[in-house]
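Trainee: I'd like to take a close look at one part of a protein with you. Here is the one I have open.

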Amino acid sequence: MKHVARSLFSLLLVSIFASASFASHRAASARPAASFPKPAVDQPVASSKGQDTAVLSGGCFWGVQAVFQHTRGVISATSGYAGGEADSAHYEIVGTGNTGHAESVKIVYDPSQITYGQILMIFFSVAHNPTELNKQGPDWGTQYRSSIFYSGDQQKKIAEAYITQLESAKVYPQKIVTQVVPLKGFYPAEAYHQDYLKHHPDNPYIVINDQPKLTNLRKQFPDLYREY
């Protein structure tokens, strides 16, 4: 569970520095060095401003939320839970791994500035590692699974086509395990989880696991990166 892992990171930062560096290198090596493929199937760029929504889960929602808060065209990114029922959408209960929920992020974006396919491109390339089954970095359990919660046939089509494209191109040496499932509901997480990286940039868990994601976003997609 993340709160346990976070405590260990905080108390044992010096002793785990070497292993954390190795983990960071391993995560980086899992991703391609060349430019990440753009989706061959995507929605067209809208001719006028508007709002669309994507819901994604890729491990701890702190880092995923921060990545999309730094993405041009994103209006808001909210940490929360998806996949389970409303009455179990609470951090301590979700942490048991028995609720069906995944830590997720609801991304509201302007389709005249960024497409759904580009959102997925960032999700697969820098926000998480889609080859890790029911885990992400130091966090284990089904609540940290990789999932795309689609709303509508177009999102489903784009997501499935992109996964097929990445698999065919052998972008990752391991199989992509991301689930593509219908969105039944999204439930915002507790207030103390919102904007966590922004409020706690020096937290050892954030420094080791999430700050590198922002570095990679800025490096790989300079045209899509923005400051807060």
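Could you start with K170: is it buried or exposed? And then please walk me through the sheet and what packs around it.

Mentor: Happy to. Keep in mind that this is a predicted model. K170 is exposed, since its relative accessible area is 69%, and the cut-off for that word is over 50%. You'll find K170 in the loop between α6 and β7. Have a look at its backbone too: phi is positive there, about 50 degrees, even though K170 is not a glycine.

Now stay in that loop and move along to I176, which also lies between α6 (153-168) and β7 (179-182). I176 is buried, with a relative accessible area of just 6%. Who surrounds it? Leaving out residues up to four places away in sequence, I176 touches F124, P130, T131, I163, L166 and E167. Take L166 from that list: it sits 10 residues from I176 in sequence, and their C-alpha atoms are 8.5 Å apart in space.

From the loop you can step onto the sheet, because β7 stands at one edge of it and β8 (186-188) at the other, each with a single partner strand. The sheet is open, has six strands in the order β7-β6-β1-β3-β2-β8, and its pairing is mixed. From one strand to the next, the twist averages 35 degrees. As a bit of background, strands of a sheet pair through backbone hydrogen bonds, either parallel or antiparallel.

Zoom in on β3 (residues 102-109). Seven of its eight residues are buried, so the rest of the structure largely encloses this strand. On one side, β1 (residues 52-58) pairs with β3 in the antiparallel sense over five bridges. Within that pairing, D52 has Y109 as its bridge partner, and T53 stands opposite V108. On the other side, β2 (residues 74-82) runs antiparallel to β3 and is joined to it by eight bridges. There, S76 stands opposite V108, so try picking V108 and finding T53 and S76 across from it.

Next, add a helix. α3 (residues 61-69) packs on the sheet, where it touches β1, β2 and β3, and its direction makes about 165 degrees with that of β2. α3 also has a helix to meet: its axis and that of α5 come within 11 Å and cross at roughly 130 degrees. The two helices are therefore oblique to each other, and their crossing is right-handed. In side-by-side terms, V64, V67 and F68 of α3 meet I119, I122, F123, V126 and A127 of α5.

That brings us to the core. In soluble globular proteins, nonpolar side chains tend to be buried together. Here the largest nonpolar core has 50 residues, and the members that touch the most others are F36, F68, I119, L120, F124 and I148. Helix α5 (residues 116-127) supplies the largest share, nine residues. Pick I148 and see how many parts it reaches: its contacts beyond four places in sequence include V55, L120, F124, A159 and V181. There is also a second, separate core of five residues, and V55, A102, F149 and F186 are among them.

One last stop for comparison with K170: N134, in the loop between α5 and β4 (135-136). N134 has a positive phi too, about 55 degrees, without being a glycine. At 27% relative accessibility, though, N134 counts as partly exposed.

How values were computed
Residues numbered from 1 in each chain as written. Predicted model: local features only at pLDDT ≥ 70, side-chain atom pairs only at ≥ 80, totals over all residues. Heavy atoms only, no water. Helix = DSSP H or I, 4+ residues; strand = E, 2+ residues; numbered from the N terminus. Buried < 20%, exposed > 50% of the residue type's maximum accessible area, 1.4 Å probe, protein only. Contact = heavy atoms within 4.5 Å. Pairing = 2+ DSSP bridges. Core = buried A, V, L, I, M, F, W, Y, C linked by side-chain atoms within 4.5 Å. Axes fitted to C-alpha atoms, helices over the stretch in contact; angles between N-to-C directions. Parallel < 35°, antiparallel > 145°, perpendicular 65-115°, else oblique. Left-handed = near helix turned anticlockwise from the far one by under 90°.
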